[in-house]
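The following exercises are to be worked with the sequence and the model side by side. Each consists of a task and a solution in steps.

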Amino acid sequence: PPSHKCASTLGTSCSPERISCLLNGSGDLAVTELQAVFFPSSSVTHSSLLVTWGHWDNTMVIRSVCSEPSTLKLHHPPLNRISCCQLVCNGQMLVSAGTVGVVSFWELINTNKQPLAYSGNVHHLRGHDGSVTCLVACKPYSIVVSGSTDGTCIIWDTNRLCYVNSLTNHEGPINCLAISPTLGDIATVCLTRRESQNRSKSSQQCLLYLWTINGRLVKQIKSDVQILSLCYTSAPEGVYINVIITGMANGTIRFLSSWDLSLLCELPCPYDSAPVLSLAVSSCSTKLYAGYSNMNVVTWIKPESDLDENGEYVVVPSLVPNALPSTLERNAQSTASLLKYF
């Protein structure tokens, strides 16, 4: 987990409570508002793509990131407001979901030889009875998992464009989920029915579930603080033990065992209880990026040696005046020795 070596802080101009950390294939960090997804292309024949939604006309705007960029707009049904999107199949397909519970697969023409285009083929798959709240893709296993307010998660096959399995028996609406890129395990978070009516995020309780890719429940635990973000590390299995990282509504970050959800360590919030809205881990699992609701991104970096207990940090000049709290300096040092599981 956390990083002995350093924590860097970056101020952003994104709206409060709408911040997301995105990583490209080279490990560069992009900070955007929540209604955006970035697909980094590792192929010389396909372009990297940036998708944004939440526009007034309910469209999805896709921009290619290449030497000759192009823009494509896809119109979503007006009664099905877009809630989340993902890019799969090497940027050749866009998956979208909205308020009516339908998951749509849009086939794209994405090559470097011609402008980005829509093939005209779209597949609408139905399975949820409520709005889709989250959508996560896993390239190694060619699946997409959707979570809904009806308390279910559905696994979809992105190659055959079909239903695979359902993760049921959640006590409330799905808040967030994550997929292990190494094992295919799925972690889901839901609010309890009673707590879902509570408007105070910091006081809400939630349940964290651990599932196998085949839909078997491994473990569930209750959290006294709402989990707002979730991610897996992706270090090679057999050499390292990967962990589940959770971003909490009170600003702390918890590291849990990917085997039994036991608590390994917890990072205190470097701010005044700013909720952790987004988490991202570098491909080598040596850097953890945390996006807070006060428009700052903190980077935790793995120490060069486990014996190094002296935490250091680098502060990137903030784009937002007075965005860095005075407590950051002492908290960066005190939490440095906690990061030992990356």
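**Exercise 1. Contacts, burial and surface of the chain**

Task: Determine what share of the contacts between residues at least 6 apart in sequence joins residues at least 24 apart.

Solution. Step 1: a contact is counted where heavy atoms lie within 4.5 Å. Step 2: among contacts between residues at least 6 apart in sequence, 46% join residues at least 24 apart.

Step 3 concerns the basis of these values. The model is predicted, so local features require pLDDT of at least 70 and side-chain atom pairs pLDDT 80 or more, whereas totals for chains, interfaces and linings use all residues. Residues are numbered from 1 along each chain as its sequence is written, and side-chain values use heavy atoms, with hydrogens and water left out.

Step 4: buried residues (under 20% relative accessible area; exposed is over 50%, partly exposed in between; 1.4 Å probe, protein chains only) make up 52% of the 342 residues. Step 5: the chain exposes about 15200 Å², of which carbon and sulfur atoms supply 51%; the area comes from the Shrake-Rupley method with a 1.4 Å probe, and for residues only the protein chains shown count as cover.

**Exercise 2. An open sheet**

Task: State how many helices and strands the chain has, and then describe the sheet that contains strand 6.

Solution. Step 1: helices (H or I, at least four residues) and strands (E, at least two) are DSSP runs, numbered from the N terminus. On this basis there are one helix and 26 strands.

Step 2: two strands pair if DSSP finds at least two bridges between them. Four strands form an open sheet in the order 4-5-6-7, and their pairing is antiparallel. Strand 4 (36-39) and strand 7 (71-75) are the edge strands, each pairing on one side only. The average twist from one strand to the next is 15°, with axes taken as lines fitted to C-alpha atoms (for helices over the stretch in contact) and angles running from 0 to 180 degrees between N-to-C directions.

Step 3: strand 6 (residues 59-65) is joined to strand 7 by five bridges. Within this antiparallel pair, V61 is placed opposite K73.

**Exercise 3. Strand 13 and its neighbours**

Task: Establish why strand 13 is described as largely enclosed, and identify the strands with which strand 13 pairs.

Solution. Step 1: strand 13 (residues 143-148) is largely enclosed by the rest of the structure because six of its six residues are buried.

Step 2: in a regular strand, side chains alternate between the two faces of the sheet. Both faces of strand 13 are covered, with I143, V145 and G147 buried on one side and V144, S146 and S148 buried on the other.

Step 3: strand 12 (residues 132-138) pairs with strand 13 in the antiparallel sense over six bridges. V136 has V145 as its bridge partner. Four residues lie between the strands of this hairpin, where S142 takes a positive phi near 55°.

Step 4: strand 14 (residues 153-157) also runs antiparallel to strand 13 and is joined to it by five bridges. Here V145 stands opposite I155. This hairpin too has four residues between its strands, and G151 in the turn has a positive phi of about 85°.

**Exercise 4. Cysteines and aromatic rings**

Task: Explain why C153 has no bond to the closest cysteine sulfur, and describe the arrangement of Y209 and W211.

Solution. Step 1: a disulfide is a pair of cysteine sulfur atoms within 2.5 Å, and the whole structure contains zero disulfides. The sulfur closest to that of C153 belongs to C134 and lies 5.9 Å away, which is too far for a bond. C153 is buried at a relative accessible area of 0%, and C269 counts as buried at 11%.

Step 2: rings of Phe, Tyr and Trp (its six-membered ring) pair if their centres lie within 6.5 Å; planes under 30 degrees apart count as stacked, over 60 as edge-to-face and the rest as tilted. There are three aromatic pairs. One of them, Y209 with W211, is stacked, at 6.0 Å centre to centre and 20° between the planes. Y209 is buried, with a relative accessible area of 1%, and W211 is buried with 5%.

**Exercise 5. Two residues and their surroundings**

Task: Locate H46 and M93, and decide whether each is buried or exposed.

Solution. Step 1: H46 is in the loop between strand 4 and strand 5 (48-52) and counts as buried at 18% relative accessibility. Leaving aside residues up to four places away in sequence, H46 touches S41, N90, Q92, N110 and N112.

Step 2: M93 belongs to strand 9 (residues 93-98) and is buried at 7% relative accessibility. With the same exclusion of residues up to four places away, the contacts of M93 include F105, W106, T158 and L161. The C-alpha atoms of M93 and N110 are 8.9 Å apart, with 17 residues separating the two along the chain.
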